[in-house]
Amino acid sequence: MKKLLSTFLLFSFLFSFSQQSIAFENGSFKEILAKAKKEKKLVFLDAYASWCGPCKLMEKNIFTLPAVKAYYDANFINARIDMEKGEGREIAAKYSVRSYPSFLFLNGDGELVMQNFGYMGEADFLTIAKEANNPKLAGNSMKELFEKGEKDPEFLLNFMKRYAESDYELAKKGSERYFANKTTAEFTRDEVGLLLYFLKSPSDANYQIFKAKKDQISKILSPEVYQQFDANIKISKVMENSLDQKTGLIDDEYFFKNAIPLIGQKDAETALARMKVIYYENIGNFPEYEKAALIYYKNADDFDPQELLQPAWNFAQHVENKDSLKKAQEWAEKSVMKGETPENTYILARIYAKNGKKTEAKTYAELSKNLSENQGKDASLATELLKSLK
């Protein structure tokens, strides 16, 4: 019996040890900063929200790993603060925390040294910690190091991500330095994404990189998508100037006059239709959106069924023209044929109802309701639609 008890206690001890996490401080944010300054360490701040699934997974799967706990405990003053409660609201506003989880590395004066986002595995989570703990950052902020000419690739990648939202132009300069010094290795998909994010005009320094690395980038994007991006970059200023500020409408004549010489008639027509679909949806001008979507999505087979669901939803909500709704029905049906979801079956049911197909509408509304309930999702929209069809 004693041996059994000893074994039980041993396993209990080992289990509790394995569940230990990074040692997070319990004091106020001010106290945490003061401790960091006194011990000459950085603060690692896990900025989370109580509803955030990836935040909970980080807490359960990553913070408890022995190597993670050992490194973070040895090198940082660690804190976890809910950004939607108490002083967390002020912290979120100060450091522009908009996505969760966000990982902030701060010096004792509260200056942001480095920032990262999202769920990550053990290796990546340790990598960002070691980058933040770079001795170069001990006495300088990222901005100060950048202004001194820092060219380290990992530093510049983090610099871009850090300032992408709060200071786009500064982050863009960081991207230009990064890509100007990238001379050997093949581009990764993430690098192509960053290059395009900071590329708005043919006059941008990164456009020369975009052209010089066409073969590499085309392998990642496909030649067709590369060509589409190139066309958009060339006419970005034309797009901007084609918007009539008084009427809020896009001037087709101005656009074609200036875009066709740059990219040709066919690409100009496609670009204009795409621009209208995005713009008119954003400003809520659905009569103009309806006309643009019918042109842009005319050949439904050219689009992924999932992409067709967005115009189908907008038509279900805002369009009454029967001919237009027949087109929206085609879009929704393509999405449903690829795979039934609570969302696409509901949208199809809505369109069937507007098209006077009551039997089909009931069938798909019932299917949407059942799928929603089976997946633990809100079924209220489908339920309301079923009531209206009785």
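Reader: Which residue forms a salt bridge with Glu39, and how far apart are the closest N and O atoms?

Author: Happy to start there! A salt bridge is a side-chain nitrogen of Lys or Arg within 4 Å of a carboxyl oxygen of Asp or Glu. Glu39 pairs with Lys41, their closest N and O atoms being 3.8 Å apart. This is a predicted model, where local features need pLDDT of at least 70 and side-chain atom pairs count only at pLDDT 80 or more, while totals for chains, interfaces and linings use all residues. Residues are numbered from 1 along each chain as its sequence is written, and side-chain values use heavy atoms, leaving out hydrogens and water.

Reader: How many salt bridges does this rule give?

Author: The count comes to 20 salt bridges. Asp46, Glu59 and Arg80 are linked in a network of them.

Reader: Is Lys182, which meets Glu191 in a salt bridge, buried or exposed?

Author: Buried means under 20% relative accessible area, exposed over 50%, and partly exposed in between (1.4 Å probe, protein chains only). Lys182 is buried at 16%, and Glu191 is buried at 8%. Their N to O distance is 3.3 Å.

Reader: What about Lys338 and Asp304, buried or exposed?

Author: Lys338 is exposed, with a relative accessible area of 57%, whereas Asp304 is partly exposed at 36%. The closest N and O atoms of this salt bridge are 3.2 Å apart. The pair links distant parts of the chain, 34 residues apart.

Methods: Helix = DSSP H or I, 4+ residues; strand = E, 2+ residues; numbered from the N terminus.
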